[in-house]
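Subject: Structure for you to look at

Hello,

Below is the structure I said I would pass on. My notes on what was found in it follow.

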Amino acid sequence: PCKPNEADAGDASGDLYQHCPNYPDDFHRLHHRDFEKLVSSVFAARGWRTELGPGSGDGGVDLRLWQTDPIGDLLTLVQIKRHAAHRPVHLDAVAALETHVNREGANRGLVVTSSRFLPGVHEFAGKQSYRLQLAEQADLQSWCAQAAQEQVLARNRALALDALVPLMQELRSAITHPRLLVGDRLSPSFCLVLRE
């Protein structure tokens, strides 16, 4: 089963992001706290500021998310339900989150489950003018797959930067080289290697 690395307990590893979309049954095999950390890390990887609750005694809000908006931060309260596929989420959990959203003046609420929702829950959430969002196992699979792709891109950018920095430093110190065409001598914005 998928399990976060102990050394990386604050965030889910790239291996976990890559594993779980292909093996969604493993979502419900995670310890409930590890599942909450996974959901938090997926949003953090997408650039959201996250605050994971204490795990117990959280008052019905497992995670707080802030998304920066030109007008200000948008707050989303998240309730996370790690359930097996045969245990759908009931309306009472979604209604309880709606109460928290209203009480705290949050912009919206999100219920994330490793399972699915009972019939009628989507209809209830739909009547809340998009203030309540529901995410099931398929959504979580998609989010993990996107996070895995983002991690690969971030690693590639970091590796490319690691390879380019020494070259750029060499160009700055050498000023000119017969086989290099540099776009700006003070801080090269591009470099072409001329081949014979």
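**Overall make-up**

The chain contains five helices and seven strands. Please keep in mind that this is a predicted model. Read from the N terminus, the order of elements is α-α-β-β-β-α-β-α-β-α-β-β.

The chain has 196 residues, and 37% of them are buried. Its exposed area is about 11500 Å², of which 52% comes from carbon and sulfur atoms. Taking the contacts between residues at least 6 apart in sequence, 52% link residues that are at least 24 apart.

**The sheet**

An open sheet is built from five strands, in the order 1-2-3-4-5, with mixed pairing. Strand 1 (49-52) and strand 5 (132-135) are the edge strands, and each of them pairs on one side only. On average, neighbouring strands in this sheet are turned by 20 degrees against each other, with direction ignored.

As general background, the strands of a sheet pair through backbone hydrogen bonds, and they do so either parallel or antiparallel. Here, strand 1 and strand 2 (residues 63-68) run antiparallel and are joined by four bridges. Within this pair, Leu52 stands opposite Leu63 of strand 2.

**A helix on the sheet**

Which strands does helix 2 touch where it packs on the sheet? Helix 2, residues 32-45, touches strand 1, strand 2, strand 3 (73-81) and strand 4 (108-113). The direction of helix 2 makes about 165 degrees with that of strand 1.

Regards

Methods
Residues numbered from 1 in each chain as written. Predicted model: local features only at pLDDT ≥ 70, side-chain atom pairs only at ≥ 80, totals over all residues. Heavy atoms only, no water. Helix = DSSP H or I, 4+ residues; strand = E, 2+ residues; numbered from the N terminus. Buried < 20%, exposed > 50% of the residue type's maximum accessible area, 1.4 Å probe, protein only. Contact = heavy atoms within 4.5 Å. Areas by Shrake-Rupley, 256 points an atom, 1.4 Å probe, with all protein chains shown as cover. Pairing = 2+ DSSP bridges. Axes fitted to C-alpha atoms, helices over the stretch in contact; angles between N-to-C directions.
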